Each structure stands twice: as C-alpha cells, then as structure tokens.
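Colleague: I would like to learn how to read the packing of helices in a model. Could we go through one together, feature by feature?

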Amino acid sequence: EAASNFCVPKSKVESFIARKAPLFQERDFLGFARLAGVHPCIVAGQIRHKTERYELFNAHNEKIRDHG
C-alpha cells in the first residue's frame, strides 16, 4: 500500500475510479497519468488492482523480461 501511495496518492486513484467507472476512456486514463506525473503503466496497475479488472489497459503494459 505504501508503495502505491508513493507513486499516486490512493485518494486520487479512488477519485478517478469513482468518476470514470465502469467505462474508462483511454484519453482520460492517459490524462490522469500525465497529471500525476507517472508512467501510464503505474496508473494502469493501480486501477486494475483496485477494480479487479485486469483486462484494462493491456496495451500499456511494459515488457519487463524476456521469457524465451
């Protein structure tokens, strides 16, 4: 919890979710990340975790390691 709060305050993420759910527009999501000053994948992860909707924003996942 502390780590996620460090990146984007919990209250801001929860406010975004309350205003935009259940339909999260890509431009709203990207604008929120820009205003928060963090990479979109950080915000995507927080929204996915809080809503348990892991299908959201898959295009913004960053590849971490090669599984080859």
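Modeller: Let us start with one pair of helices: α2 and α3 are roughly antiparallel to each other. Please keep in mind throughout that this is a predicted model.

Colleague: Which angle do the axes of α2 and α3 make, and how close do they come?

Modeller: The general idea is that two packed helices are described by the angle between their axes and the distance between the axes. In this case the axes of α2 and α3 cross at roughly 160° and come within 12 Å, and because angles over 145 degrees count as roughly antiparallel, the pair is given that description. The crossing, in which α2 passes α3, is right-handed.

Colleague: Which residues of α2 and α3 meet?

Modeller: From α2 there are Lys12, Val13, Phe16 and Lys20, and they meet Asp28, Phe29 and Phe32 in α3.

Colleague: How should I read the pair α3 and α4, and at what angle do their axes cross?

Modeller: The same two quantities serve again, the angle and the distance between the axes. The axes of α3 and α4 cross at roughly 115° and come within 9 Å, and these two helices are therefore roughly perpendicular to each other. The contact is made on the α3 side by Phe29, Leu30, Phe32 and Ala33, and on the α4 side by Pro40, Val43, Ala44 and Ile47. Here too the crossing, with α3 passing α4, is right-handed.

Colleague: That leaves α2 and α4; are they roughly parallel or roughly perpendicular to each other?

Modeller: Their axes cross at roughly 70° and come within 11 Å, so α2 and α4 are roughly perpendicular to each other. This crossing is right-handed, and in it Lys10, Val13, Glu14, Phe16 and Ile17 of α2 meet Gln46, Ile47, Lys50 and Thr51 of α4.

Colleague: Now I would like to look inside a helix. Which residues of α3 are buried, and what covers them?

Modeller: As a general idea, an α-helix has 3.6 residues a turn, so residues three or four places apart point the same way. In α3 the buried residues are Asp28, Phe29, Gly31, Phe32 and Ala33, and what covers them includes α2 and α4.

Colleague: What can be said about the length of α4, and which of its residues are buried?

Modeller: The helix α4 has twelve residues and reaches 16 Å from its first C-alpha to its last, which is close to the 16 Å expected at 1.5 Å a residue. Its buried residues are Pro40, Val43, Ala44, Gln46, Ile47 and Arg48. Gly45 also lies in α4, but with a relative accessibility of 29% Gly45 counts as partly exposed, because buried means under 20%.

Colleague: How many residues does the largest nonpolar core have, and which helices supply it?

Modeller: The largest nonpolar core has 13 residues, and those with the most contacts inside it are Phe24, Phe29, Val43, Ile47 and Phe57. At least two residues of this core come from each of α2, α3 and α4. To see one member in its surroundings, take Phe29, which touches Phe16, Pro40, Val43, Ala44, Ile47, Phe57 and His60, leaving aside residues up to four places away in sequence.

Colleague: Let us turn to the backbone. Which residues have a positive phi although they are not glycine?

Modeller: The general idea is that most residues other than glycine have a negative phi, and most peptide bonds are trans. In this model Glu52 has a phi near 55°, and Phe57 has a positive phi of about 60°. Both lie in the segment after α4, but Glu52 is exposed, with a relative accessible area of 62%, whereas Phe57 counts as buried at 10% relative accessibility. A glycine can be added to the list of positive values, since Gly37, just after α3, has a phi of about 75°.

Colleague: And where is the peptide bond that is cis?

Modeller: The bond from Ala21 to Pro22 is cis, with omega near 5°, and Pro22 lies in the loop between α2 and α3, the two helices with which we began.

Methods:
Residues are numbered from 1 along each chain as its sequence is written. This is a predicted model: local features need pLDDT of at least 70, side-chain atom pairs count only at pLDDT 80 or more; totals for chains, interfaces and linings use all residues. Side-chain values use heavy atoms; hydrogens and water are left out. A nonpolar core is a set of buried Ala, Val, Leu, Ile, Met, Phe, Trp, Tyr and Cys residues joined through side-chain atoms within 4.5 Å. Buried means under 20% relative accessible area, exposed over 50%, partly exposed in between (1.4 Å probe, protein chains only). Helices (H or I, at least four residues) and strands (E, at least two) are DSSP runs, numbered from the N terminus. Contact means heavy atoms within 4.5 Å. The expected span of a helix is 1.5 Å times one less than its number of residues. Axes are lines fitted to C-alpha atoms, for helices over the stretch in contact, and angles run from 0 to 180 degrees between N-to-C directions. Angles under 35 degrees count as roughly parallel, over 145 as roughly antiparallel, 65 to 115 as roughly perpendicular and the rest as oblique. A crossing is left-handed if the near helix is turned anticlockwise from the far one by less than a right angle, and right-handed if clockwise.
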